[in-house]
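Let's take a walk through this one together, pausing at a few backbone oddities and then at a ligand. Keep the viewer open as you read.

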Amino acid sequence: MEITRLGIMGGTFNPIHLGHLMIAEEARQTFHLDKVLFVPSYITPNKNVNGATAEQRLTMTRLATADNPRFTVSDMEMRRKGNSYTVDTLRFLKKLYGPSYILYFISGTDTIHDLHNWKEPEEILKLCQFVGATRPDGSEQIDSIIASFGELGKHILKLPVPTMEISSTELRRRIRLGLSVRYMIPPAVAEYIRKNGVYQCTTKNSKIESKRI
Ligand SMILES: Nc1ncnc2c1ncn2[C@@H]1O[C@H](COP(=O)(O)OP(=O)(O)OP(=O)(O)O)[C@@H](O)[C@H]1O
Ligand SMILES: O=C(O)c1ccc[n+]([C@@H]2O[C@H](COP(=O)([O-])O)[C@@H](O)[C@H]2O)c1
């Protein structure tokens, strides 16, 4: 049986940035993934999402990944609607592709810290290898979280990556204030944001805030 290693990069991607692309590429290389599927969430559980529509987040994800032949985007969570639970996405992919596919869910360490609060975390670890990007200096303590899952903890894989202090929250703030986001997001995404006025709040307060900078 020929094995295919499929990476799944789930995220709100509000907007997608170089931190996301970098960890996906590092995971692809380290775990010899054949492909990485970017899956923008429709509704991220327990997260307030504002500033861009689901459709815009999907479009930006497509623009950001278009130049990498190993990256593709799926709108499966958008089509499924409702809360985008990772266990549902993994079950769907496992059923679609069968046992010849090994699934690698790619995430940041902050995600690993929260994994116990997700829907059916043990089931998630049965369905995939759960990759957690960590700081290269090893300063993050995720061993106790790995141990807390017992035998299933072996499905959590540490991936040391260069630290990139970029977040979508900070990017939305910068865009609102008219600050540069160059070298933080792909140029095609920056262009889309500019043309469509995404995240550019037009309220009186934000104009006042901009003037102070
Ligand atoms: N700079 C980064 N380096 C490594 N991993 C990251 C980075 N930014 C986000 N991630 C990881 O990418 C995944 C998707 O993240 P998400 O789309 O929520 O982006 P975010 O920048 O964390 O967003 P927000 O600031 O809105 O919370 C998560 O698992 C998160 O841990
Ligand atoms: O399944 C869950 O319970 C669950 C809870 C929180 C987040 N997730 C998924 O984790 C990914 C990253 O989420 P976030 O909050 O970092 O944007 C995204 O694909 C979410 O759908 C999944």
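Start with the loop between α9 (187–196) and α10 (204–212), where you'll find Tyr 199. Bear in mind that the model is predicted. Tyr 199 isn't a glycine, yet its phi is positive, at about 70 degrees. Is Tyr 199 buried or exposed? Tyr 199 counts as buried because it has 20 C-beta neighbours inside 10 Å, and 20 or more is what it takes to be called buried.

Now swing over to His 32, which sits in the loop between α1 and β2 (35–40). Here's another non-glycine residue with a positive phi, this time near 55 degrees. His 32 has 10 C-beta neighbours inside 10 Å, so it counts as exposed; the cut-off for that label is 12 or fewer.

Next, go to the loop that links β1 (4–11) to α1 (18–30), and pick out Pro 15 there. Look at the peptide bond running from Asn 14 to Pro 15: it's cis, and its omega is near 0 degrees.

Last stop: ligand 2. How many residues surround ligand 2? There are 15, and the closest are Gly 10, Thr 12, Tyr 85, Thr 86 and Trp 118. Two elements, β1 and α4 (86–97), each give two or more residues to that shell. As for chemistry, the shell around ligand 2 has nine polar residues, four nonpolar ones and two charged ones.

Key. Residues numbered from 1 in each chain as written. Chains lettered and ligands numbered in written order. Predicted model: local features only at pLDDT ≥ 70, side-chain atom pairs only at ≥ 80, totals over all residues. Helix = DSSP H or I, 4+ residues; strand = E, 2+ residues; numbered from the N terminus. Near = placed C-beta within 6 Å. Nonpolar A, V, L, I, M, F, W, Y, C, P; charged D, E, K, R; others polar.
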